[in-house]
Amino acid sequence: MKPLSTVASAVKASTTLMIDSKAKQMKADGLDVVGFGAGEPDFNTPDNIQEAGIAAIREGKTRYTPAAGIVPLRQAIADSLKRDLGVDYDYTQIVVSSGAKHNLYITLSVLINPGDEVILPAPFWLSYDEMVRMVGGVTVIVNAPESQNFKITAQQLEAAITPRTKAFILNNPSNPTGMLYSREELEALAAVCVKHDLYIISDEIYFKLLYDGRTFTSVAALGEEVKERTILINGVSKSYAMTGWRIGYAAAPANIAKVMSNFLSHSTGSASTISQWAAVEAFNGPQDTVEAMRKVFEERRNYIVQRMNSIDGVSCIEPEGAFYVMMNIEQLKGRTLGGTLIETSDDFAMAFLEKELVAVVPCTGFGAPDFVRWTYATSMENIKEGLDRLERFLKA
């Protein structure tokens, strides 16, 4: 038989989903697995949003929509961007698709030609790197160590630019680190992008999940020169506990939004009609559930950080947003735990899962081989149990 696509064959499986899948299979087999893998709120979708989806079905809102989404949803998104971030977009500049991940892929497909370089700060969400390569681009990784709070500087960004650089991916707050770029830090990065005429792909999916009274600045709010080069990526999955509804969006300059819409029309077509109407309610309805969830996440963050830093052999810095914490395992390298010699975070994660039935995500694929990611989008009971098992695992 003739060979498969070299591009598709080079795509690696998601480490996050692999660990999550293995943990779920172990749980299905009757094992008492505690999961800290996939970043998915453990709350149900708020009742008013559920009811809007049910109403859409009953009212026959089940047919195809325009590729870029229904107008009421695109307008609701534009209104929310003005209300929450202070940025003005016409509804025609909003492109809805089947999740923020899908919008990222469509954005890269529209912007990147074969050989174009995309600058990606590390640690990074592992799908960014894969998606850049899937569209023929070249990822240029810039390391942001823990000593820099996992954030790159404008000087690092500038040093990575070549004549082939096309775009810069910014994830703020970050998955996997939970760290937040301040307005001043964003201004410095944006100035470099304007100077070199780079696109900014700004994934802001966690912007409503901030702690300690912090405020969020969207890079698109820094001025017209920045906004005209920026594609904002967001969605309803994290803030509204709607991961399975699969609704994400991009806000972009009009010419880019049009091409994205054309691309969608010949690939997946529109996102689920029912989910779109539910998302209208998410944006237009009461927002108190978002704040209620944020407060719970903050309580969990406080506990997991304090407890993790009290355990010998591991440490973490306090995340400022999202719902992840990066556990440093550098001191464990070279030790044998659970019968496994720990040389990488992959070794640690697999040994921890098999010995103590705790699923965490190794960050080798995130550009941070000395770290594992825990999510605190799970119950306090699970967090306490997982950390109890970690203490036992490290003492064995």
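**Exercise 1. The largest pocket**

Task: State how many residues line the largest pocket and which of them lie nearest its centre. Then describe the lining by element and by class.

Solution.
1. The largest pocket has a lining of 29 residues. Nearest its centre lie Gly 39, Lys 101, Trp 125, Lys 238 and Arg 246. The model is a predicted one.
2. The volume of the largest pocket is about 560 Å³.
3. Three helices each supply at least two lining residues: α2 (15-28), α5 (100-111) and α6 (126-134).
4. Of the elements, α2 gives the most to this lining, with 4 residues.
5. Sort the lining of the largest pocket by class: 11 nonpolar, 10 polar and 8 charged residues.

**Exercise 2. The second largest pocket**

Task: Give the volume of the second largest pocket. Find which residues are closest to its centre and which element gives the most to its lining.

Solution.
1. The second largest pocket holds about 330 Å³.
2. Its lining has 17 residues, and the closest to the centre are Asp 20, Lys 24, Gly 35, Gly 37 and Ala 38.
3. The elements giving two or more residues to this lining are α2 and β1 (34-35).
4. Here α2 gives the most, with 4 residues.
5. By class, the lining of the second largest pocket splits into 7 nonpolar, 5 polar and 5 charged residues.
6. Now set the two pockets side by side. Helix α2 gives the most to the lining of the largest pocket, and α2 also gives the most to that of the second largest.

**Exercise 3. The cavities**

Task: Count the cavities of 30 Å³ or more in the whole structure. Describe the lining of the largest cavity and of the second largest.

Solution.
1. The search returns 2 cavities at that cut-off.
2. The largest cavity encloses about 130 Å³.
3. Its lining counts 16 residues; Pro 121, Pro 123, Asn 171, Ser 174 and Tyr 181 lie nearest the centre.
4. Two strands, β3 (117-122) and β5 (165-171), are the elements that give two or more residues to the lining of the largest cavity.
5. That lining has 12 nonpolar and 4 polar residues, with no charged ones.
6. Turn to the second largest cavity, with about 80 Å³ of space.
7. It is lined by 13 residues, and Phe 207, Lys 208, Asn 234, Tyr 249 and Phe 283 are the closest to its centre.
8. Elements giving two or more residues to the second lining are α4 (71-85) and β7 (230-235). The largest share, 4 residues, comes from α4.
9. The second lining divides into 7 nonpolar, 4 polar and 2 charged residues. Charged residues thus appear in the lining of the second largest cavity but not in that of the largest.

**Exercise 4. Helix α3**

Task: Check the span of helix α3 (residues 47-58) against the value expected at 1.5 Å a residue. Then work out where its buried residues lie around the axis.

Solution.
1. Helix α3 has 12 residues, so at 1.5 Å a residue it should span 16 Å. The expected span uses one less than the number of residues.
2. The end C-alpha atoms of α3 are 16 Å apart, which agrees.
3. List the buried residues of α3: Ile 49, Ala 52, Gly 53 and Ala 56.
4. Viewed down the axis of α3, these buried residues fall within an arc of 95 degrees, so they line one face of the helix.
5. On the face turned away from the buried side, α3 carries the exposed residues Asp 47 and Arg 58.
6. The cover over the buried residues of α3 includes α11 (273-284).
7. After α3 comes Gly 60, with a positive phi near 75 degrees.

How values were computed. Residues numbered from 1 in each chain as written. Predicted model: local features only at pLDDT ≥ 70, side-chain atom pairs only at ≥ 80, totals over all residues. Heavy atoms only, no water. Buried < 20%, exposed > 50% of the residue type's maximum accessible area, 1.4 Å probe, protein only. Arc of directions from axis to C-beta. Contact = heavy atoms within 4.5 Å. 1 Å grid on protein atoms, 1.4 Å probe; cavity = no way out; pocket = protein on both sides within 12 Å on 5 of 7 lines; lining within 4 Å. Points joined across faces, edges and corners; volume = space filled by probe spheres on them. Nonpolar A, V, L, I, M, F, W, Y, C, P; charged D, E, K, R; others polar.
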